[in-house]
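I opened this model to note how its parts are arranged, and I am writing down what I looked up, entry by entry.

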Amino acid sequence: MRPIPATGSIVVLTGAGISKESGLDTFRCEDGIWSKVRLEDVATPEGFQADPDLVHDFYNARRRSLLDPSLAPNAAHQALAELERRWPGKVLIVTQNIDDLHERAGSRNLIHMHGELLKVRCTHCALPLPWHQDLSVDHTCPDCRRTGTLRPHVVWFGEIPLQMEQIMAALMSCDLFVSVGTSGNVYPAAGFVAQVRRLGRAHTLELNLDPSEGANLFAESRHGPATRLVPEFID
Ligand code: BJW
């Protein structure tokens with residue numbers, strides 16, 4: 001494998017596969033989340049409008065799993081935090097995950113492009129707030145005092161992912177782009193490797209259990225569990 005560039009910057013895109021070995025479900029694996037619920041019902045603005053209780057129940061259950069005391073970051077999250085410690089200011093993690101396992105492992109330069117499970121926001125005043133309890137339509141926004149306006153701070157299909165300008169700037173200037181544990185089914189993240197390659201500058205590397213949808217777009221691919229591949233990559 002190519003060595004990590006000594007002076008350049010690294011963007012690491014992560015997906016549900018990196019948290020699988022911590023005990024969180026992926027979306028599109030055989031036993032994944034989309035085999036149990038319809039994404040149209042729980043991960044679209046239309047689904048939320050039609051049945052907010054169903055959507056709150058779905059995210060409340062996932063929030064409870066995340067807050068289970070036995071859940072912890074795994075060796076892959078820890079290796080990425082170590083990479084950032086070794087190369088301060090050079091590593092950006094762009095995660096599609098709404099869990100907080102990168103933060104718990106110690107990563108600090110991190111963008112949650114699909115939002116965060118431990119935050120809610122008000123559809124009226126747009127204020128994101130920390131949130132650790134079950135959420136329901138009966139809750140009142142602490143800022144505008146309206147009831148029933150709080151929603152999970154996550155990005156559903158048809159909504160624009162967060163901090164896209166910063167992400168695009170980082171992709172355009174990076175020297176190494178690494179994708180970990182994502183199936184490459186969901187845009188815009190699935191298009192990042194093509195964008196990086198179009199600029200012709202960065203080395204591109206996929207670390208995934210099996211080849212993703214866009215595996216042939218990467219200059220280099222390694223397949224296996226993230227808890228083995230990511231520590232190997234940083235060493
Ligand atoms: C392991 C492992 C181990 C397992 N080790 N690996 C046609 C029609 C309608 C819409 C579209 C369309 N074409 C494109 C679109 C846009 C749409 C889209 O992409 N649709 C596709 C389905 C076609 N995208 C959007 O709507 C996005 N918004 C958008 O495009 O706005 C326009 C815009 C963009 C930019 C600028 C300006 C405007 C929003 C997408 C929102 C996605 N939301 C979700 C749910 C919310 C969060 C949540 O509830 O958690 O985000 S969907 C779900 O998929 C979740 C994930 O973040 C996302 C990606 O999934 P991920 O992480 O890849 O997981 P899996 O399960 O798919 O893959 C896991 C991988 O890990 C597998 O490959 C395994 O092999 C591997 N693995 N164990 C290593 N141990």
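**Entry 1: the parallel sheet.** I began with the open sheet of six strands in this predicted model, and I read its order as β3-β2-β1-β7-β8-β9, with parallel pairing. β3 (110-112) and β9 (220-223) are the edge strands, and since each has a single partner strand, one side of each is left without a neighbour in the sheet. From one strand to the next I find an average twist of 15°.

I then looked at one pair in this sheet, β1 (residues 10-14) and β7 (residues 176-180), which run parallel and are joined by five bridges. To place the register I took V11, and its bridge partner in β7 is F177. Against the sheet I see helix α9 (residues 226-234), which touches β7, β8 (203-208) and β9, and whose direction makes about 150° with that of β8.

**Entry 2: the antiparallel sheet.** I next turned to an open sheet of three strands, ordered β5-β4-β6, where the pairing is antiparallel. Here β5 (128-130) and β6 (150-154) stand at the edges with a single partner strand each, so that one side of each has no neighbour in the sheet. The twist averages 45° from one strand to the next.

Between β4 (residues 115-122) and β5 I find three bridges in the antiparallel sense, and within this pairing R121 has P128 of β5 as its bridge partner. Helix α4 (residues 52-67) lies across β4 and β6, and I note that it runs at about 135° to β4.

**Entry 3: the two domains.** I looked up the domain assignment of the protein chain, which gives domain 1 as 1-22 + 72-114 + 161-235 and domain 2 as 25-70 + 115-154. Taken over C-alpha atoms, the centres of domain 1 and domain 2 are separated by 25 Å. Where they meet, 11 residues of domain 1 are in contact with nine residues of domain 2. On the domain 1 side of this contact, helix α1 (residues 16-20) gives the most, with three residues, and by class that side has three nonpolar, five polar and three charged residues.

**Entry 4: the ligand.** Which residues are closest to the ligand? I list G15, G17, F27, Q96 and S183 as the closest, out of 36 residues that surround the ligand. By class, the shell divides into 18 nonpolar, 13 polar and five charged residues, and its largest share, three residues, comes from α1. Why does the ligand lie between the two domains? Domain 1 and domain 2 both give residues to the shell around the ligand, and therefore I place it between them.

**Entry 5: backbone details.** I checked the peptide bond that joins Y187 and P188 and found it to be cis, with omega about 5°; P188 is found in the loop between β7 and α8 (192-199). I also noted R145, whose phi is near 70°, a positive value in a residue other than glycine, and whose place is in the loop between β5 and β6.

**Entry 6: confidence.** Before closing, I looked at the scores, and the protein chain averages a pLDDT of 95, with 97% of the residues scoring at least 70. The model scores ipTM 0.96 and pTM 0.96. I keep in mind that predicted coordinates should not be read in detail where pLDDT is low.

How values were computed: Residues are numbered from 1 along each chain as its sequence is written. This is a predicted model: local features need pLDDT of at least 70, side-chain atom pairs count only at pLDDT 80 or more; totals for chains, interfaces and linings use all residues. Two strands pair if DSSP finds at least two bridges between them. Helices (H or I, at least four residues) and strands (E, at least two) are DSSP runs, numbered from the N terminus. Axes are lines fitted to C-alpha atoms, for helices over the stretch in contact, and angles run from 0 to 180 degrees between N-to-C directions. Two residues are in contact if their C-beta atoms, placed from the backbone, lie within 7 Å. Domain bounds come from an automatic or database domain assignment. Ala, Val, Leu, Ile, Met, Phe, Trp, Tyr, Cys and Pro count as nonpolar, Asp, Glu, Lys and Arg as charged, and the others, Gly among them, as polar. A residue is near a molecule or strand if its C-beta atom, placed from the backbone, lies within 6 Å of it. pLDDT is the predictor's confidence in each residue, from 0 to 100.
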